[in-house]
Every structure is written in structure tokens, then in C-alpha cells.
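Student: Could we go through the empty spaces enclosed in this model, one at a time, and check each name against its definition?

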Amino acid sequence: MNEILNGLIQAIELIVKCDPEVMSITLRTLEITFTSTLIGVLIAIPIGGLIYFKNFTGKRSLVNLIQTLYSLPTVLVGLLVFLLISNEGPLGNFQLLFTPGGMIQGQTILILPIITGFTITGLYGVKSEIKDLALSLGASDFQTIHTLMKEAKYALYAAVILGFGRAISEVGVALMIGGNIRGFTRVITTTMSLETAKGNLELSIALGIILLGISLLINLALNHFQEK
Amino acid sequence: MSELKIENINKLYDGKLILEDINLIIKKGTSLGIIGPTGCGKTTLLRIVDQIEMPSQGKIYYNNIEISKSKNIIRDYRRKIGMVFQKPVVFKGTVLENIEYGLKIRGIDTNSTQPKIKELLRSLGLEGYEHRKASTLSGGETQRIALARALIIEPEILILDEPTANLDPLSTEKIEYMIDEIRKKNKTTIIMATHNLIQGQCLCDEIAIINNRIQQIGKPEEIFRKPENIFVAEFVGTKNIIKGNAQKIEDNLTLIRIEDINVYSTSSIEGNVYMSIRPEDITISRSKTIITGLNNLNGYVKGFLDIGTFIKVDVDVGEIFTIYLTRKTFFDLQISLESNIWLQFKASSVNVFK
């Protein structure tokens, strides 16, 4: 019990004193996660929009598949990306294994289904009358899509935040692709899983608190948007 | 002459023909009422005219240009139209943002249009509503916003799909007033679906009665006075519709044989027909009188009902005829159940249709 309490006290100390290692890990985590979320959004929202607007055979099955991939196991993505970017893989020439770039790639793949799926659901949540209304007021196809996205914006924010949340909290891809290299690919989750095993509790707890804090901030932001 | 021409429109839904062979020509600045029962295809027709929905067959021409499948032509055509849907809908945001939508879509500077928006809101009884959240308004207010939103772009064609269905009396009045104002300017073509006959009569130059196909089209009074078929007659509430067999007996005179009675008409239609006579074209007396009109039928009062201004009296002359009497006439003639009375009406008042 004492050990946990000590760990907690030391962890708070680490945070309050802005311990360089804690800060560097946190910043690296945010950098990687923000980048993968940004790339994910740029790919997934247009794809989601396209799937919503186009009618084609197999649309239902595709949406079902995307929703199934919400729970894509992180280690599976890790394995897939590993096979892709390892020296023997088709993308081996880019030397992405054990780099932040590789991690970003993996996390992006991981969150694409969530953002795409929630974009589609969000757009379906907009009343069909809105589409007719925009068209009847003279909107072009592109303007109509823009209007519908605006109507669905809170659902889209939620999709982005959910994607970010999944990326920041996953450990499979980060560990398998990043390799937890100190000062380079070491992020909050990889540090916590490895340092805990080594008995370095205060660092793990400090990072855990920070991770929780980030989640809290995300949720506050989400609530703020939803109240608007 | 700029006009809207709708040619041979058909629309299939799940193998069912919702619209069949619709042909309409609507001249600039006139108003056309599309009237019919629920599910008759009114909304579908309006949506096709606005090109939100495509017909299964048929074409639309505006100012002699075919509104083809080209996206740009359709969009440019649509930009000349303002549409108000039956169900009030608004975009998220303020009233002002809603009204400005059509302008922004067209790339029009919204600063210069502020006075016009203000004026429009004022005449719709929504003065000072600009910055309210549109989604918090009542159905009637929302529908008035919808009208303002359609009007701010100064459409050449205004399409209204039952704009006052299920609205409060104040909103209905404001919307009808506005439509009438636009109509008086003779600049905007109005196409309006309604199932309210009185509204159609008041606001439209012409009325088309629709039930999947056009049953009759014409000036409101023509439709009310001379329905061309049994569907229109029943739909517009024509009274005294009776089935019979017509035969020409003179140049300008046809005899319609109905089981126990004969009715003369000036119509030239022969064979199995329906005849109708408007209650207000029937006069009554307690004794047989020599009259210029040819129809003189004797019967007895089968029932009567006080409906406010008038008393509705059913008279059995072999067939049941409904007539409306003023209270005064009713009491002056001392009418009661089983009273023996005579009905007189002119042959030219009898409407005959197949």
C-alpha cells in the first residue's frame, strides 16, 4: 500500500516539476497522435462523405465492414504495418520501422474505420429534408455536401475525438512499430507498459495521470461543442 | 413569352405509377393550384418541377430550354426557383443565416440585402427575429422563415407544397397574404399544392385537380361549377350528383332519364352520364308555378339540418336533391318534414359529365 502511495506522490512531483523525461514522452505522444488523427480526418471524412452520397451496390456491406473494423485489434494493425514496412516488406525502402512515421501510419490505419464510420452515421443523422432544402435553394452538389457536413458537425467532432482517443490510448501499434526507443518513439502507453514491468511505478503513474488528463480535456472539449 | 412547360411526365415508384402523363403549361406571372387528395402525387410533381427528383419519363422546358440531365443546366434552373416544403425545415443557426443561405450559395453580398431581409421579416410578422436560433421557433414561424428564405432570392418561379398545412391561423393568414401580394405583382410564377379548395380558389388563377393524372384543369369557378368527371365532382364537393341516361331531343336540349324522373339539360353529352345541379341554382315553392326553366320536380322534405347561415334541406323527388335555404325562406314557406314542395331549376344550370 505504501509503495502505491509513494509512487503517487513521486508521480505528482514528476509532473509538477515538469520532469524532462515525462514532458518529452508526453510531447512525443501528442505529436504522433495529433498527426495520425489529422491524416486520419483528412482521409476518412471525405471517404465517409463519398460513401454517404454515392449509391452503389454493396454499400450496406461496406458500411457493416467499416463498423466491424471499429474494434480492429491494435496488435493486428501492428503486425500488418510491420509486414508492410519491415525491410522485406513492400514499403521497406522507406525505412519506417521503429520511427514515429511508422507509428503514425499504423495509428492512422487503426482510426480510419472509426472516423469514416462515424462520419457516415453522422451524415445519416441529418434529416433528408435538409439535403432537399439545400438543393432547392440552388446549392451545387459540393455546396450541398458542405451544408450537410455543417449540419452534422457535432457528430463529426465526436468522430474526430473518438479517433484521437483510440490513437492516444493504444499500445499495440506503438510498441510493435515504434519499439519504445527512448527520446524517439517512446510514448505514454509504451513507457507505462514497459516501466511498470520494471517496477518504475512513479513514472507509470505520472504518465497515467497525464493520459487521463488528456482524456478529460478531450471530453470537456466534446461537451463544449455539443452544448453549442 | 416565358413559360414553364411540363411535358408527358410519368413517375414510377416501386412499380407503381404515381404520376401519369402530366402535361402543363404555366405562363409567367400566373398562379397554378395543384389540388388533390393525400397521396395523389402533388408533392412528387412539385419535386420534379424543382428537379429535386427526376421523372421516370417526360421533359421540362423553361423559356423553351429543355432542362436536361446536365448538372449545370439543372442547377441554374433550380436557382430560378424558390420552394417551400410542406414540412417546415430549417438549417442549424440563426434565422438570418437561414434566410441568407440562398444568397450566399449564389455568391451574392449579403450586406446590401439586409434592408430587404428586414422588410421581408416585417411583412411576415417576424420583425426582430434575425438573431434567434431557427430551431427554437414554432412550426408556423418556421414556415414563415421558409417563405422568406425562398423569396429573398427573388425567384422567377415560386413552388409551395401545402405551405399552410397544419399551421396556426396567424401563420396561415400571413403566408396567404404574402402569396397574394406576390401574385398581384404578376412577376412571379406560382405553383402551389394544396388540399384546401378555398385556398386554391382564392390564390390561384388556374387549378389542376390531380389524382395521379390531371383530372381537370381550368379557372377555379369552372372547376367548381362544371366538374368534368365524377372524381372532380366528388372531390370539389359537388352536390346532387345523379346517374342517368342522356338523349338529345332538340338542338339545344337533352333529356336525362333517371329512374323515376326526367331532367332537361342544355348539354350535348349523350349516353350514360352523371348530372349535377348546384343547390344554389335550385329554387323552391310550395305549389306548382309556371316558370321559364324547364325542370320542375315535385317531392317531399325528407330531412333538414341547420348548418349556421343556411338550412340544408333534403328533398325526395324520386331522387334526393339537396338544397340550401335561408332561415327566412325556410320559415316563410313553413317547411317541415314531409312538406310537399316543388323544385325548379334551369336546363342550363344542369352540369352533365361522363
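**Enclosed spaces**

Tutor: The second largest cavity holds about 30 Å³ of space. This is a predicted model, in which local features need pLDDT of at least 70 and side-chain atom pairs pLDDT 80 or more, while totals for chains, interfaces and linings use all residues. Residues are numbered from 1 along each chain as its sequence is written, and chains are lettered from A in the order in which they are written.

Student: Why is a space called a cavity?

Tutor: On a 1 Å grid over the protein atoms alone, a cavity is a set of points where a 1.4 Å probe fits but cannot get out, and lining residues have an atom within 4 Å of a point. The search of the whole structure finds 2 cavities of 30 Å³ or more, and the largest has about 50 Å³ of space, a volume being the space filled by probe spheres set on the points.

Student: Which residues line the second largest cavity?

Tutor: Its lining includes Leu133(A), Met83(B), Phe85(B) and Arg149(B). Helix 5 of chain B gives the largest share, 3 residues, where a helix is a DSSP run (H or I, at least four residues) numbered from the N terminus.

Student: What makes lining residues of the largest cavity count as nonpolar, polar or charged?

Tutor: Ala, Val, Leu, Ile, Met, Phe, Trp, Tyr, Cys and Pro count as nonpolar, Asp, Glu, Lys and Arg as charged, and the others as polar. The lining therefore divides into 6 nonpolar, 4 polar and 1 charged.

Notes: Heavy atoms only, no water. 1 Å grid on protein atoms, 1.4 Å probe; cavity = no way out; pocket = protein on both sides within 12 Å on 5 of 7 lines; lining within 4 Å. Helix = DSSP H or I, 4+ residues; strand = E, 2+ residues; numbered from the N terminus.
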